[in-house]
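I open a fresh page for this entry. I want to look up the ligands and what lies around them, then the chain as a whole.

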Amino acid sequence: MKEYILNNSLVSHKMGVLRDKNTSTKEFREIIKELSTLLCYEAFRDVETYEREIDTPMSKITAKRINMDDYVFVPILRAGLGMMDGILQAVPTATFGFIGLYRNEETLDPVEYYFKMPSDIARRNIILLDPMLATGGSAVNAIGQLKKHGVKDIRFLCIVASPQGLEAVQTAHPDVRIYAASLDKGLNDQGYIIPGLGDAGDRIFHTVD
Ligand code: PRP
Ligand code: URA
């Protein structure tokens, strides 16, 4: 399994509201948060667990636990920050690292400007966060930076993926699992996802009217 697309009518309903250009910033943020929580649950569906004996009020059982210290959540600035609240809803003790990237508007190539991780990053598993997987250039670059620091296990969570972005990541980094709320039709000439939802960063941070 290299990609997982949420296939659910309630998710489709929420995506419809998210895509609507008349949706308010407040509602846009809330839906990004909800979908990020859902994606986080999917990303943890099959992760390693350990067992611990506990007493319920009724009996003794062997319960499953995840070692959350093994995981670091990494939003790609800026728009990935919009997914943090949703992650915290699912994992309130989450550890975070940050990668700063923006797309050069003409070439669409990613430009690196920030990289800040916990010191023992090479032994951790990474959940990379960015709402948009368009050409895939930003995700491919971010994953490449993490691998240069010794990271081996990476899952990428996005709200909207394009077929081109999926292919780019799967070609450059076939070991990375991708989770998306929607797989859209394609890209326009400016590298925006169609139908997409526009500029995710601008809509999350209310930097355009
Ligand atoms: C957006 C988005 C991704 C990138 C996706 O960021 O959040 O990081 O574009 O496009 P790609 O797959 O073609 O690389 P943007 O460059 O607009 O920066 P911002 O989040 O700071 O607004
Ligand atoms: N970045 C966005 O925010 N939206 C797109 O459609 C493509 C890249």
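How many nonpolar, polar and charged residues does the shell around ligand 1 have, by class? I sorted them and got six nonpolar, four polar and three charged residues. I keep in mind that this is a predicted model.

**Ligand 1, the shell.** I counted 13 residues surrounding ligand 1. The closest are Arg103, Asp130, Thr135, Gly136 and Ser138.

**Ligand 1, polar contacts.** I looked up the distances to the oxygen atoms of ligand 1. The side chain of Asp130 has an N or O atom 2.5 Å from one oxygen atom of the ligand. For Thr135, a polar side-chain atom lies 2.5 Å from an oxygen atom of ligand 1. Gly136 takes part through its backbone: a polar atom there is 2.8 Å from a ligand oxygen.

**Ligand 1, cover.** On its own, ligand 1 has 500 Å² of accessible area, and the protein covers 90% of that. I then checked which elements give two or more residues to the shell. They are strand E5 (98-103), strand E8 (132-133) and helix H4 (137-148). I also looked for the pocket: ligand 1 sits in the largest one.

**Ligand 2, the shell.** Which residues are around ligand 2? I listed Arg103, Met132, Ala134, Gly191, Tyr192, Ile193, Gly198, Asp199 and Ala200. By class, I get five nonpolar, two polar and two charged residues. Arg103 is among the closest residues to ligand 1, and Arg103 is also on the list for ligand 2.

**Ligand 2, polar contacts.** I went through the backbone atoms next. A polar backbone atom of Ile193 is 2.8 Å from an oxygen atom of ligand 2. Ala200 also offers a polar backbone atom, 2.8 Å from an oxygen atom of the ligand. At Gly198 the partner is a nitrogen atom of ligand 2, which lies 2.8 Å from a backbone N or O atom.

**Ligand 2, cover.** The protein covers 89% of the 240 Å² of accessible area that ligand 2 has on its own. I looked up the pocket here too. The space taken by ligand 2 is the largest pocket, and ligand 1 sits in the largest pocket as well.

**The chain.** I counted six helices and twelve strands. Along its principal axes, the C-alpha trace spans about 60 × 40 × 30 Å. Why does the radius of gyration agree with a compact globule? The chain has 209 residues, so a compact globule would have a radius near 17 Å, and the chain has 17 Å.

Key: Residues are numbered from 1 along each chain as its sequence is written. Chains are lettered from A and ligands numbered from 1 in the order in which they are written. This is a predicted model: local features need pLDDT of at least 70, side-chain atom pairs count only at pLDDT 80 or more; totals for chains, interfaces and linings use all residues. Side-chain values use heavy atoms; hydrogens and water are left out. A residue is near a molecule or strand if one of its heavy atoms lies within 4 Å of it. A polar contact is a pair of N or O atoms within 3.5 Å; within protein, one must be able to donate a hydrogen and the other to accept it, and residues adjacent in sequence count only if both atoms are side-chain atoms. Accessible areas come from the Shrake-Rupley method with a 1.4 Å probe; for residues, only the protein chains shown count as cover. On a 1 Å grid over the protein atoms alone, a cavity is a set of points where a 1.4 Å probe fits but cannot get out, and a pocket is an open set with protein on both sides within 12 Å along at least five of seven lines; lining residues have an atom within 4 Å of a point. A molecule sits in a cavity or pocket if more than half of its atoms lie within 2 Å of its grid points. Helices (H or I, at least four residues) and strands (E, at least two) are DSSP runs, numbered from the N terminus. Ala, Val, Leu, Ile, Met, Phe, Trp, Tyr, Cys and Pro count as nonpolar, Asp, Glu, Lys and Arg as charged, and the others, Gly among them, as polar. The radius of gyration is taken over C-alpha atoms; the globule rule is 2.2 Å times the number of residues to the power 0.38.
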